[in-house]
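Thanks for coming. I will take a few minutes to walk through one model, and you can follow along on the screen.

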Amino acid sequence: MRYLREIFDDWLTRAAGINFVLIVALVMFNVFSDLPERYPLFGVINFSMVPILFISGGIIFVLAILKSYE
Amino acid sequence: MQMNYRRHREKLLFLMFAGAIGIILLVIGGYQLIEFMDSTSFCGRLCHEVMYPEYTAYQASPHSRVACTECHVGSGADYLVKSKISGIPLIFTTIAGNYDRPIPTPVENLRPARETCEQCHRPERFAGDLVRVHTTYAADETNTEKVDTRILRVGGGESEVAQDIHWHIAAKVWYLPIDKKRQEIAWVGVEDEAGGLIEYVDPDKVAEVTPQRLAEKKRLMDCVDCHNRATHIFRSPEELIDMALAQGKIDKTLPYIKKLGLEALDPPNPSLEQAFTKVEALEEFYRTSYPQVYQERREAIDKAIEELKEIARLTTFPKMKVTWKTYIDNLGHQESPGCFRCHGKLVAAADDQEGEVIDADCQLCHYFELQQK
């Protein structure tokens, strides 16, 4: 736990972690659930979230690198 | 970067690990997104009101197991990208409610049938003659049955030996439509073996056949020029009731069932609920006018009402202003000019052919021998 606490000791890394967990959860949900097929509007939002989260993850990554230079 | 700090190194490792896994997940998620956007549920149900008539007709059509994108997009990344880009303005049109009611046809940029239909159907196949048995019922007490048998000379075959109706696909037939619905054809050009064109023109529209127009607007005839409603088929209540009676979905021994069904559904109702109310009134008709039938055949009456409700669902689209008369079906010539857009109308343009008209003889596409027997 102490090891993880050390990695996630700033808000950027925490945001990256949350982002990562969300992407994994979304992809898994989309693999196993038929809800997006049954409710197409929900499906559009759901499937579109993966690239959106990935882009936001990329921004967080760049910010984290820049911050580590400070 | 201060890589000598263990904490920084671990953070960077985590970010790189998360990024690498993220790329893999993006590929999976992107694939899921494309697959979802190619699904029938996405096309038919997301823009519910706009697509409702098309989606409903599609579900009852011979192509109901073929995904929308198989015909409207086809294979290949270029068409996938093109279709997504051309779809972007439609999102805003749909949200704003600015779309046409009904949706105009034909679809301007539909991919050629050679790249869609012909991925499953092989036009070179010689189909021979097709016997069509058409059963209709009169709107009288006994629903008098009439059976009409037609023979269609479908033909087909490889280009050198192709014949009959499907010759049009084996040969290279170009045509110039001068209206948006492609009903007014002013020029036809059939490629001969030497690569030249045997031309035919509509004598009333010669002035509209200009070289520039020919270069820009001429089309190579393909499947959808005749089979233009191969999937989104809007049949009339009469046709659907006849089909249900012939298939036994509606008991043809129920008195006046054809007449009652027609009265309930034709002309089209202002809402599906009203259509259902009219159909449900059939029960009252039998209870009061045919009490014995009502007592003994309750199950058949209920089944007929359910089937007529299904027919109402396939024919009532007031929000999109679609009826069975909205879209022209070019197959045949019963309800629309169809074959006679060219046949019996256009004349040979070459001087040596002395204005020979494209043949409109019934025997070109039909045999009547079986009917005579």
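**Strands, interface and salt bridges**

I will start on one strand pair: Pro177(B) sits opposite Ile185(B), a residue of S4(B). Before going on, please keep in mind that this is a predicted model.

The strand that holds Pro177(B) is S3(B), residues 173-177. Its partner S4(B) covers residues 185-191, and the two are antiparallel, with 5 bridges between them. S3(B) also pairs with S6(B), residues 219-220, again antiparallel, through 2 bridges. In that second pairing, Trp174(B) has Leu220(B) as its bridge partner.

Is S3(B) enclosed by the rest of the structure, or not, and why? It is largely enclosed, because 5 of its 5 residues are buried. Look at the two faces of the strand. Val173(B), Tyr175(B) and Pro177(B) point one way, while Trp174(B) and Leu176(B) point the other way. Residues on both faces are buried.

Next, another sheet in chain B. This one is open and has 3 strands, in the order S1-S2-S8, with antiparallel pairing. Its edges are S1(B), residues 129-137, and S8(B), residues 366-367, each of which pairs on one side only. S2(B), residues 145-153, makes 2 bridges to S8(B) in the antiparallel sense. Across from Ile151(B) you will find Tyr367(B), which belongs to S8(B).

Now the interface. How much area do chain A and chain B bury between them? The figure is about 2700 Å², and 73% of that is on carbon and sulfur atoms. On the chain A side, Phe20(A), Phe47(A) and Phe54(A) lose the most area to chain B, and together they make up 21% of what that side buries. In residues, chain A puts 34 into the contact and chain B puts in 29.

What about charge and polarity across the interface? There are 0 salt bridges between chain A and chain B. Polar contacts come to 3 residue pairs, counting pairs with both residues at pLDDT 80 or more. Four helices of chain A each give two or more residues to this side: H1 (2-7), H2 (11-32), H3 (35-38) and H4 (40-69). H4(A) supplies the largest share, with 14 residues. By type, the chain A side divides into 22 nonpolar, 6 polar and 6 charged residues.

So much for the interface. Over all chains, the count is 23 salt bridges. I will go through a few of those in chain B.

Glu115(B) and Arg111(B) form one, with N and O 2.7 Å apart. Which of these two is buried? Arg111(B) counts as buried, because its relative accessibility is 10%, under the 20% cut-off. Glu115(B), at 31%, counts as partly exposed.

A second salt bridge joins Arg235(B) to Glu239(B), and here the closest N and O atoms are 3.2 Å apart. Arg235(B) is partly exposed at 26% relative accessibility, and Glu239(B) is partly exposed at 32%.

The third is between Lys258(B) and Glu238(B), at 3.1 Å from N to O. This pair links distant parts of the chain: Lys258(B) lies in H9(B), residues 257-265, and Glu238(B) in H8(B), residues 237-247, 20 residues apart. Is Lys258(B) buried or exposed? Lys258(B) is buried, with a relative accessible area of 1%. Glu238(B) is partly exposed, at 38%. There is also one network, in which salt bridges that share partners join Glu184(B), Asp202(B), Lys205(B) and Lys345(B).

I will finish on H8(B), the helix that carries Glu238(B). Its buried residues are Pro237(B), Leu240(B), Ile241(B), Asp242(B), Ala244(B) and Leu245(B). As a reminder on spacing, an α-helix has 3.6 residues a turn, so residues three or four places apart point the same way. What do the buried residues of H8(B) pack against? They pack against S1(B), H9(B) and H12(B), the last of these being residues 298-315. H9(B) therefore comes up twice: it is packed against by the buried residues of H8(B), and it holds Lys258(B), the partner of Glu238(B). Just after H8(B), Gly248(B) takes a positive phi of about 85°.

That is the end of the tour.

Technical notes. Residues numbered from 1 in each chain as written. Chains lettered and ligands numbered in written order. Predicted model: local features only at pLDDT ≥ 70, side-chain atom pairs only at ≥ 80, totals over all residues. Heavy atoms only, no water. Pairing = 2+ DSSP bridges. Contact = heavy atoms within 4.5 Å. Buried area = accessible area lost by both parts, 1.4 Å probe. Salt bridge = Lys/Arg side-chain N within 4 Å of Asp/Glu carboxyl O. Polar contact = N/O pair within 3.5 Å; in protein donor to acceptor, adjacent residues only side chain to side chain. Nonpolar A, V, L, I, M, F, W, Y, C, P; charged D, E, K, R; others polar. Buried < 20%, exposed > 50% of the residue type's maximum accessible area, 1.4 Å probe, protein only.
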